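Me: I would like to go through the empty spaces in this model and the terms used for them. Please set each term against its definition.

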Amino acid sequence: MKLFYLAFAGVLYLASFAGDALAQSADHYLTIQLKNGPVVIQLMPDVAPKHVDQIEALAKKGEYDNVAFHRVIDGFMAQTGDVKYGNMEKGFDASLAGTGSSDLPDIPAEFSKTPFVRGTVGMARSQDPNSANSQFFIMFADGSFLNGQYTVVGKVVSGMENVDKIKRGEGQNGEVKNPDRMIKVTLGKK
């Protein structure tokens with residue numbers, strides 16, 4: 001009987017950690033206002049704490065407001081977050097959009113086993129795995145070839161129908177002429 005109580009106590013102990021992790025994620029929501037309506041993303045600090053901290057810091061400062069979806073590939077993903085060259089009201093440069101970052105330092109990779117599926121939000125980066133900064137993308141479809149290669153930071157929990165309406169780009173790179181933008185980006189509980 002004593003063994004049963006010890007096992008039960010162990011289960012309760014582990015459940016308290018799982019509950020803490022779920023509660024931690026539950027408080028981290030990013031709402032992106034698009035022209036067709038809001039998109040709510042549940043950020044995952046338990047999966048990528050440094051990346052989530054950076055996204056939240058930039059959102060709090062309003063850095064993501066009016067930033068273009070500069071690269072959108074049908075059936076793949078919509079990329080945004082270039083706060084240096086992608087702000088459509090402050091210094092937008094279509095020829096440079098996608099090459100900039102923020103004033104904050106780049107973030108070391110936080111690869112995980114979390115898969116890239118429809119609605120997953122991942123961090124964009126250059127060839128250097130430790131070069132993510134401010135840009136991120138939202139998956140239109142599953143992309144298992146990205147698993148373990150890019151950092152997952154969250155998932156769309158509502159408004160995926162609005163993501164689906166983002167203007168698509170052309171060509172292999174998905175460059176968008178007259179792109180859609182994130183009108184306003186805010187943090188808070190769902």
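Reply: This is a predicted model. The largest cavity is lined by L34, K35, N36, N162, K165, I166, D180 and R181.

Me: Why is the space lined by these residues called a cavity?

Reply: A cavity is a set of points where a 1.4 Å probe fits but cannot get out. The space beside L34, K35, N36, N162, K165, I166, D180 and R181 is listed as the largest cavity, so the probe fits there and cannot get out. About 50 Å³ of space lies in this cavity.

Me: How do you know which residues of its lining count as charged?

Reply: Asp, Glu, Lys and Arg count as charged, so K35, K165, D180 and R181 belong to that class. The lining divides into 4 charged, 2 polar and 2 nonpolar residues.

Me: How many cavities of 30 Å³ or more does the search find?

Reply: The whole structure has 2 of them. The second largest has a volume of about 30 Å³, and H51, F111, M123, R125, P129, A132, Y150 and T151 line it.

Me: What makes R125 the charged residue in that lining?

Reply: Arg is in the charged class, whereas His and Thr are not listed there and therefore count as polar. The tally for this lining is 5 nonpolar, 2 polar and 1 charged.

Me: Why is the space of about 560 Å³ called a pocket?

Reply: A pocket is an open set of points, so this space of about 560 Å³, listed as the largest pocket, is open. Among its 29 lining residues, R71, Q79, G98, A124 and Q135 are the closest to its centre. The lining divides into 12 nonpolar, 14 polar and 3 charged residues.

Technical notes
Residues numbered from 1 in each chain as written. Predicted model: local features only at pLDDT ≥ 70, side-chain atom pairs only at ≥ 80, totals over all residues. Heavy atoms only, no water. 1 Å grid on protein atoms, 1.4 Å probe; cavity = no way out; pocket = protein on both sides within 12 Å on 5 of 7 lines; lining within 4 Å. Points joined across faces, edges and corners; volume = space filled by probe spheres on them.
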